[in-house]
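Dear colleague,

I am handing over the structure we spoke about, and below it you will find an account of what turned up when I went through it. Please read the notes with the structure open beside them.

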Amino acid sequence: MSVHPLIHVVDDEAPVRTALVMLAESAGHHAQAHASAEDFLKNAGQGASGCVVADVRMPGMSGLELQTEMKRRGMELPMIVITGHGDVAMAVQALKAGALGFLEKPFDDDVFLASVSEALEAFDRHDRERRAMADVEARVDALTQREREIMTLIAQGLSNREAARDLSISVRTVENHRARVMEKMQAKNLSDLVRMVLRLEDASAH
Amino acid sequence: MSLSVVRSRIGAGLLQEAAAAVRPRALAIALAFIALYAVLDRIGAMLAPVAPFRPGDMAGGLALAVLIWGGLRYAPAVLIADIASDLLSPTPGLGVVGMSVSSLGLIVTYCGAAWWLRRTGVPDFMSQRGLARFLGAAAIASLLRAGFDIALLNKWGPLGNDASAVARAWTSYFLGVAVVTPFLLVTPRFRPPYQSGNVLMAAIQALVLTGAMVVIMPLRLSDPFRYFYLLFLPQIWIAVRFGAVGAAAGNFSMQAGLVFLFLSPDHPTVTLFNFQFRLLAMCLSMLFLGSAVSERNRVEEALRNRQEELARVSRLSLAGEMAAALAHELNQPLTATVAFVRTAQRLLAREGKAAPDAKTVDAMDQAVEQAERAGSIIRTLRGFIGKGDGARAPRDLAAVVAQAMDLVHPACVRAGVRVERAIDKGLQVQVDEVGVQQVMINLVQNALDSLEAERRSGTRAGGEIVISASATEGGQVEVEVRDNGPGLAPLAQAHLFQPFASDKPSGMGLGLSVSRGIVEAHGGKLWLAESRPGRCAFRFTLPAARSRSKRAA
């Protein structure tokens with residue numbers, strides 16, 4: 001769990017990727033060099049963390065193709081595309097496909113490091129969200145069928161009485177279930193619970 | 001206000017309008033035309049007194065030229081000119097009424113022909129179709145006029161019921177029109193290339209033509225036909241060299257020369273008619289030959305222009321691609337340089353207990369600054385050369401490909417390669433036409449080269465290239481260029497789109513790189529779809545034009 005987020009530098013030219021890795025490390029980041037998009041996919045694997053800095057034009061798989069391939073494999077690493085060609089069309093295409101940034105070579109350290117930091121933050125934010133979501137999902141799994149029904153109704157804004165009528169059970173029973181739901185979901189109050197339910201619905205909608 | 005005042009005002013207004021309608025320039029032209037018409041008519045009358053049997057009715061040719069050029073508003077001038085000329089040199093026995101009716105016949109038939117021809121503008125004598133249209137209209141108009149005139153002569157004139165009279169009159173009228181009208185209509189629009197070679201050539205040709213006429217002149221009474229065909233030689237020469245303009249000028253000079261030679265009415269009419277008939281046949285042959293030559297020249301010139309345009313664009317985008325390739329090659333070390341120097345600075349700042357020497361830091365800053373300056377110079381250079389992005393417009397893909405194939409067709413024929421096109425009809429793409437043609441030419445040329453190499457090594461004969469295209473989902477059109485050659489070597493495949501990588505001895509290795517650049521500038525992709533012995537295919541995508549909205553409009 002304590003694995004550092006890595007900056008994956010993908011460039012077909014050794015001096016470039018070495019220099020960028022060293023620059024990132026000098027700023028206190030952890031970085032790894034890959035000679036090609038294929039290498040990166042082989043080395044990094046599914047559970048990779050951090051972000052990717054990749055050249056647009058490389059022999060074999062291009063940066064843009066890597067972007068689609070990562071999406072296909074469900075690797076949610078933010079990507080920064082770099083190019084020595086200054087191709088506006090490609091930049092637009094990369095950004096449209098979800099790249100976080102586009103840097104034209106040569107670039108100064110602050111531009112590079114700012115982009116990288118932003119990408120790492122984005123990854124971190126997503127990662128935290130993912131984990132929180134996984135937590136909530138685990139708690140929901142611990143609920144019984146009836147408790148889940150009651151949680152859904154309450155989150156929709158129904159009172160205990162209305163929920164009891166809906167499910168044709170006594171108000172008393174609803175109150176008991178409700179207390180257990182709050183406990184199991186570790187919800188501080190009703191709005192906390194509603195937020196969790198909404199987030200879950202959001203996630204399943206995507 | 002009394003009624004008479006109103007009436008006179010209206011009358012004055014009408015007069016003013018009429019005066020305004022006749023522009024001074026048109027009036028001057030009409031007067032000049034009338035004078036010239038009278039002169040030509042007078043010359044004809046000196047050769048043969050009866051109007052329909054003159055050797056080529058040149059005045060009639062002039063009239064038709066004016067009507068086609070200026071429109072039917074010159075009809076009154078033609079009528080006046082013909083009546084005036086008839087009064088100056090009357091046809092014996094026809095009388096004033098008969099001659100006036102004959103003039104009306106001229107007006108009706110020639111105006112009809114001029115009106116029909118003018119619906120599509122002045123006839124284009126440099127195309128077979130335009131020439132055929134003109135000659136067809138002229139032949140019919142002359143025939144109607146001849147029939148009308150002979151009927152008049154039968155009624156009032158000295159003529160018996162001569163069945164051949166219509167044919168003779170028609171020959172005279174048609175010859176006059178065929179000789180004079182094209183000459184007058186074509187010559188003023190001709191912008192000749194005034195090179196000394198052309199002028200000298202024209203002078204020699206005129207001399208030879210005159211010589212040929214002088215040779216046949218002494219024979220005009222005894223046997224004018226024996227050496228008649230001598231005239232063909234200079235005429236064909238002129239038509240082949242100078243096209244439609246040459247043919248028209250040659251015909252006119254010949255007619256003028258022969259009129260001069262025949263300038264005495266002491267020859268038998270029948271002989272003159274026979275001679276004229278041969279003249280007409282020759283005249284028409286020359287016009288068709290000349291227009292065929294002109295048409296061919298025009299097509300060749302259009303093709304040459306397109307080739308030049310393509311070569312120009314090709315050079316430009318080659319320069320652009322070289323700049324891009326160079327930029328990439330130089331930007332890589334510059335990127336590394338900047339990153340290394342900045343890393344060193346950071347390491348100094350972190351590890352040194354004391355603050356790093358200000359001069360060292362400054363020197364490193366300057367190094368980075370200079371590297372970045374180099375980068376910006378490269379960027380400017382690339383922007384300066386540009387990527388050759390032409391304006392994009394909706395185009396019919398089949399037409400774009402057809403034009404590109406025109407340019408590589410000769411090479412395909414030489415190599416004995418069959419090219420098949422299977423492009424869906426009505427595919428509209430939003431493209432820079434010249435750029436896409438360049439991609440097509442590059443791909444076909446590559447296919448051709450690999451087939452050629454295989455043929456030279458004797459492995460196979462009868463190469464084939466198939467170009468196909470179809471619409472794909474997502475508003476794209478996918479084009480494929482396939483050949484049945486040996487396919488690409490694995491090594492070549494690895495460096496396929498890299499600039500300066502070529503597996504051909506004479507190649508610069510920019511063709512595919514340039515093509516990919518063009519396709520990507522259109523937001524498309526270019527890739528190697530298949531490569532194995534007997535089947536090698538490249539594919540690329542282009543944005544489809546929204547043709548649906550066009551059809552609705």
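Chain B has 16 helices and 7 strands, in what is a predicted model throughout. Of the 553 residues of chain B, 42% count as buried, and the accessible surface of the chain comes to about 28,000 Å², with carbon and sulfur atoms supplying 63% of that area. When contacts in chain B are restricted to residues at least 6 apart in sequence, 77% of them join residues at least 24 apart.

The feature of chain B that I would show you before the others is helix α9(B), which bends by about 145 degrees at G243(B). Its end C-alpha atoms are only 18 Å apart, whereas a straight helix of 30 residues would span 44 Å at 1.5 Å a residue.

The aromatic rings come next, and over all chains the count is 6 aromatic pairs. One of them is formed by F183(B) and F252(B), a stacked pair with 4.1 Å from centre to centre and 5 degrees between the planes. This pair links distant parts of the chain, since F183(B) belongs to helix α7 (residues 164-186) of chain B and F252(B) to helix α9 (residues 232-261) of chain B, with their positions 69 residues apart. Are the two partners buried or partly exposed? F183(B) counts as buried because its relative accessibility is 18%, under the cut-off of 20%, while F252(B), at 23%, is partly exposed.

Two arginines of chain B also deserve a look for their placement over rings. The charged end of R133(B) sits over the ring of W116(B), at 4.6 Å from the ring centre, and R145(B) lies over the face of Y173(B), at 3.7 Å from the centre of that ring.

Turning to chain A, its secondary structure comes to 9 helices and 5 strands, and from the N terminus on the elements run β-α-β-α-β-α-β-α-β-α-α-α-α-α. Of the 206 residues of chain A, 46% count as buried, and the accessible surface is about 10,600 Å², of which 51% belongs to carbon and sulfur atoms. Among the contacts in chain A with a separation of 6 or more, 62% are between residues 24 or more positions apart.

In helix α3 of chain A, which covers residues 63-73, the buried residues are G63(A), L64(A), L66(A), Q67(A), E69(A) and M70(A). An α-helix has 3.6 residues a turn, so residues three or four places apart point the same way. Helix α3(A) is followed by G74(A), whose phi is positive, near 75 degrees.

The backbone of chain A has some further points to check. Most residues other than glycine have a negative phi, and most peptide bonds are trans. The peptide bond from K105(A) to P106(A), however, is cis, with omega near -10 degrees, and P106(A) is placed in the loop between β5 (101-104) and α5 (109-141) of chain A. S168(A), which is not a glycine, has a positive phi near 55 degrees, and it is located in the loop between α7 (160-167) and α8 (171-184) of chain A. Q186(A), likewise not a glycine, has a positive phi of about 55 degrees and is found in the loop between α8 and α9 (190-205) of chain A. S168(A) counts as exposed because its relative accessibility is 66%, and Q186(A) also counts as exposed, at 54%.

With best wishes

Definitions and conventions:
Residues are numbered from 1 along each chain as its sequence is written. Chains are lettered from A and ligands numbered from 1 in the order in which they are written. This is a predicted model: local features need pLDDT of at least 70, side-chain atom pairs count only at pLDDT 80 or more; totals for chains, interfaces and linings use all residues. Side-chain values use heavy atoms; hydrogens and water are left out. Helices (H or I, at least four residues) and strands (E, at least two) are DSSP runs, numbered from the N terminus. Buried means under 20% relative accessible area, exposed over 50%, partly exposed in between (1.4 Å probe, protein chains only). Contact means heavy atoms within 4.5 Å. Accessible areas come from the Shrake-Rupley method with a 1.4 Å probe; for residues, only the protein chains shown count as cover. Rings of Phe, Tyr and Trp (its six-membered ring) pair if their centres lie within 6.5 Å; planes under 30 degrees apart count as stacked, over 60 as edge-to-face and the rest as tilted. A charge sits over a ring if NZ of Lys or CZ of Arg is within 6 Å of the ring centre and within 35 degrees of the ring normal. The expected span of a helix is 1.5 Å times one less than its number of residues. The bend at a residue is the angle between axes fitted to the seven residues ending there and the seven starting there.
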